Amino acid sequence: MAPLLTARGLAYAYPGGASAVFEGIDLSVEPGEFIAIVGQSGVGKSTLLRCCVGLTAATAGQARLEAPPAGTGRPYAFVFQDTRLLPWRRVRANVAYGLKGLALDHAALEDRVDEAMALALVRDLGERWPFQLSGGQAQRVGIARALALRPRLLLMDEPFSAVDALTRQKLQDELLGIWQRARPAVLFVTHDIEEAVYLADRVIVLGGKPARIVLERRIALPRPRERESAPLQQEVRAIERAL
């Protein structure tokens, strides 16, 4: 099966910067694959996500996403740490917002919103305003808004870092359930190595200045995974050594 996303030699330097933030990044993502990207602050993890889909122009190299627009969906969708919900729109209207411009009639649009909200476990929150949501609920709504686009690639930029530990674990499990049902490919940025190992098929570690891929490790542990299990913690320690 051909990769969904292929990046070769990607590099990025801020305008006027003396050196690149990262360089020489080679990356491929298979359809339905879950990849986590970890690394210390400043290595350009978030910028790399944006370069992979052309939202930020790479200084060198190229990335190709083999997911042409289908008319009723989008090639990719983002989920951010701060959710970026529109405060003047209720939850249901927020989930529907990204569907503007797609070839969907009203009934199909409403069905798409229902489906996405059910997948993200927020169907009962549709009439709430964003300020009425907990942190975990807001993140679920952000995920629902992305899922409504039926993206081939879901890009997630530290989406759970602003919630408490118990909520974070619950959201991790819910994300895995969504991923297993909807099967988008996922590129997931996190500072949390245990989170990366718990979620991903493959973990990519960025390090150095300029940053490069210093480790690419396939996580062959069966699912569901136990956070405190010895095999999972061994994977965590192996990745920690690379950092």
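## The enclosed space

The largest cavity in this predicted model has a volume of about 40 Å³. If you search the whole structure for cavities of 30 Å³ or more, you get one hit. Rolling a probe the size of a water molecule over the atoms is what shows where empty space is left.

What lines the largest cavity? Its walls are built from Ala120, Arg140, Ile143, Leu171, Glu174, Leu175 and Ile178. Two elements, helix 4 and helix 5, each give two or more residues to that lining. Helix 5 supplies the largest share, with four residues. Sorted by class, the lining of the largest cavity comes out as five nonpolar and two charged residues, with no polar ones.

## The largest pocket

Now for the open spaces. The largest pocket has a volume of about 290 Å³, and 15 residues line it. Nearest its centre you'll find Phe78, Tyr97, Gly98, Arg145 and Leu149. The elements giving two or more residues to this lining are strand 5 (76–80) and helix 4 (135–147), so helix 4 turns up in the lining of the largest pocket and also in that of the largest cavity.

Which element gives the largest share of the lining of the largest pocket? That's strand 5, with four residues. By class, the pocket's lining splits into nine nonpolar, two polar and four charged residues.

## The second largest pocket

Next comes the second largest pocket, with a volume of about 170 Å³. It is lined by 14 residues, and the ones closest to its centre are Ser41, Val43, Gly207, Gly208 and Lys209. The class split here is eight nonpolar, five polar and one charged.

## Strand 6 and its neighbours

Strand 6 covers residues 153–157, and five of its five residues are buried. In a regular strand the side chains alternate between the two faces of the sheet. In strand 6, Leu153, Leu155 and Asp157 point one way, while Leu154 and Met156 point the other way. Buried or exposed, on either side? Both sets are buried, Asp157 included.

Which strands does strand 6 pair with? Strand 5 is one of them: the two run parallel and are joined by five bridges. Within that pairing, Val79 stands opposite Met156. Strand 7 (residues 185–189) also runs parallel to strand 6, again with five bridges, and here Leu155 sits opposite Leu187.

Getting from strand 6 to strand 7 involves a helix. Strand 6, helix 5 (residues 165–182) and strand 7 together make a right-handed β-α-β unit. Helix 5 is also the element that gives four residues to the lining of the largest cavity.

## Two cysteines, no bond

A disulfide is a covalent bond between the sulfur atoms of two cysteines. How many disulfides does a search of the whole structure find? The count is zero. Cys51 is in none, and its nearest cysteine sulfur, that of Cys52, is 7.2 Å away.

Why is Cys52 not bonded to Cys51? Because the sulfur of Cys52 is 7.2 Å from the one in Cys51, its closest cysteine sulfur, and that is too far for a bond; the cut-off is 2.5 Å. As for exposure, Cys51 is buried, with a relative accessible area of 5%. Cys52 is buried too, with a relative accessible area of 3%. Both values fall under the 20% limit used for buried residues.

Notes: Residues are numbered from 1 along each chain as its sequence is written. This is a predicted model: local features need pLDDT of at least 70, side-chain atom pairs count only at pLDDT 80 or more; totals for chains, interfaces and linings use all residues. Side-chain values use heavy atoms; hydrogens and water are left out. On a 1 Å grid over the protein atoms alone, a cavity is a set of points where a 1.4 Å probe fits but cannot get out, and a pocket is an open set with protein on both sides within 12 Å along at least five of seven lines; lining residues have an atom within 4 Å of a point. Grid points are joined across faces, edges and corners, and a volume is the space filled by probe spheres set on the points. Ala, Val, Leu, Ile, Met, Phe, Trp, Tyr, Cys and Pro count as nonpolar, Asp, Glu, Lys and Arg as charged, and the others, Gly among them, as polar. Buried means under 20% relative accessible area, exposed over 50%, partly exposed in between (1.4 Å probe, protein chains only). Two strands pair if DSSP finds at least two bridges between them. A crossover is right-handed if, with the strands pointing away from the viewer, the path from the first strand over the helix to the second runs clockwise.
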